[in-house]
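Reader: I am new to reading protein models and would like to go through this one slowly, with the reasoning spelled out. Could we look at it together?

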Amino acid sequence: MSIEDYLLTDCDQPMNLKQTTPVKKDLVVQDSCPALTVSGVYFKCSIIGPEVLPKKEIKQRIKQFLYEPLEQERGFTACLITPTANENKENVQRGIENLSRYLTNTLDTPDEEKYRKIGFNYKVFQEDIVGLEGT
């Protein structure tokens, strides 16, 4: 029986194959039941728990973990979430630069009235900051 035939058969049927079947000199195929194989890439993060999860679920668990201290540490949480939860790193960088500029202007010139307020309707604010999760 060929390997292709074996892989297409039902796993409940007994097979008379050795543990490994050499196909080529440098290639060895492990005989196994296709129903017992795992497909996909899985991730584990010891900080959030012992589970091994697919990418979508691990990202969701990381977000949950990062949002937990939100009420006690709002600034710290925003610093963790903004670069972690947003896919487009260029947008994150631009948003952080603009937020830094707002803070720097306020700290450098506290008597300047125009730096005491952020124009939420300003184009730069709407494009670079509003769309970022965590800001």
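Author: Let us begin with a term: a residue is called buried when its relative accessible area is under 20%, exposed when it is over 50%, and partly exposed in between. Please keep in mind throughout that this is a predicted model.

Reader: With a relative accessible area of 21%, is Y102 buried, exposed or partly exposed?
Author: Buried would require a value under 20%, and exposed a value over 50%. The relative accessible area of Y102 is 21%, which lies between these cut-offs, so Y102 is partly exposed.

Reader: How many aromatic pairs are there in the whole structure, and how are the rings of Y102 and F125 placed?
Author: A search of the whole structure comes to two aromatic pairs. In the pair of Y102 and F125 the ring centres are 6.3 Å apart and the planes stand at 45 degrees, so this pair is tilted. Y102 belongs to helix α4 and F125 to helix α5, and the pair therefore links distant parts of the chain, with a separation in sequence of 23 residues.

Reader: Is F125 itself buried or exposed, and which kind of pair does F125 make with F120?
Author: F125 has a relative accessible area of 8%, and because this is under 20% the residue is buried. F120, by contrast, counts as exposed at 54% relative accessibility. The ring centres of F120 and F125 are 5.1 Å apart and their planes are at 70 degrees, and since planes over 60 degrees apart are classed in this way, the pair is edge-to-face.

Reader: Which residues do the ring pairs link into a cluster?
Author: One pair joins Y102 to F125, and the other joins F120 to F125. Taken together, the ring pairs give a cluster of Y102, F120 and F125.

Reader: What span should α3 have, and how far apart are its end C-alpha atoms?
Author: The expected span is 1.5 Å times one less than the number of residues. For the 12 residues of α3 this gives 16 Å, which agrees with the distance between the end C-alpha atoms in the model, namely 15 Å.

Reader: Which residues of α3 are buried, and how wide an arc do they cover around the axis?
Author: The buried residues of α3 are T77, I81, T82 and A85. They lie on the same side of α3, because the arc they cover around the axis is only 125 degrees. An α-helix has 3.6 residues a turn, so residues three or four places apart point the same way. The elements that cover these buried residues include α2 (55-67) and α4, and the arc asked for is 125 degrees.

Reader: Which residues does T77 touch, not counting residues up to four places away in sequence?
Author: T77 is placed in helix α3, and at 1% relative accessibility T77 counts as buried. Beyond four places in sequence, the residues that T77 touches are L66, Y67, P69 and L70.

Reader: Where is N86, and which backbone oxygen does its side chain reach?
Author: N86 sits in the loop between α3 (74-85) and α4 (89-108), and with 10% relative accessibility N86 counts as buried. Leaving aside neighbours within four places in sequence, the contacts of N86 are I81, V92, G131, L132 and E133. The side chain of N86 reaches, at 2.9 Å, the backbone oxygen of E133.

Reader: How many residues apart in sequence are the parts that the salt bridge of D128 and R94 ties together?
Author: The side chains of D128 and R94 meet in a salt bridge with an N to O distance of 3.0 Å. D128 lies in helix α5 (residues 123-130) and R94 in helix α4, so the parts tied together are 34 residues apart in sequence.

Reader: Are D128 and R94 buried or partly exposed?
Author: D128 counts as buried, because its relative accessibility of 11% is under 20%. R94, at 36% relative accessibility, counts as partly exposed.

Reader: Are R74 and E71, which meet in a salt bridge, buried or exposed, and how many salt bridges does the count come to?
Author: R74 and E71 meet through their side chains at 3.8 Å, N to O. R74 is exposed with a relative accessible area of 52%, and E71 counts as exposed at 62% relative accessibility. The count of salt bridges comes to seven.

Technical notes
Residues are numbered from 1 along each chain as its sequence is written. This is a predicted model: local features need pLDDT of at least 70, side-chain atom pairs count only at pLDDT 80 or more; totals for chains, interfaces and linings use all residues. Side-chain values use heavy atoms; hydrogens and water are left out. Helices (H or I, at least four residues) and strands (E, at least two) are DSSP runs, numbered from the N terminus. Buried means under 20% relative accessible area, exposed over 50%, partly exposed in between (1.4 Å probe, protein chains only). A polar contact is a pair of N or O atoms within 3.5 Å; within protein, one must be able to donate a hydrogen and the other to accept it, and residues adjacent in sequence count only if both atoms are side-chain atoms. Contact means heavy atoms within 4.5 Å. The arc is that of the directions from the helix axis to the C-beta atoms. A salt bridge is a side-chain nitrogen of Lys or Arg within 4 Å of a carboxyl oxygen of Asp or Glu. Rings of Phe, Tyr and Trp (its six-membered ring) pair if their centres lie within 6.5 Å; planes under 30 degrees apart count as stacked, over 60 as edge-to-face and the rest as tilted.
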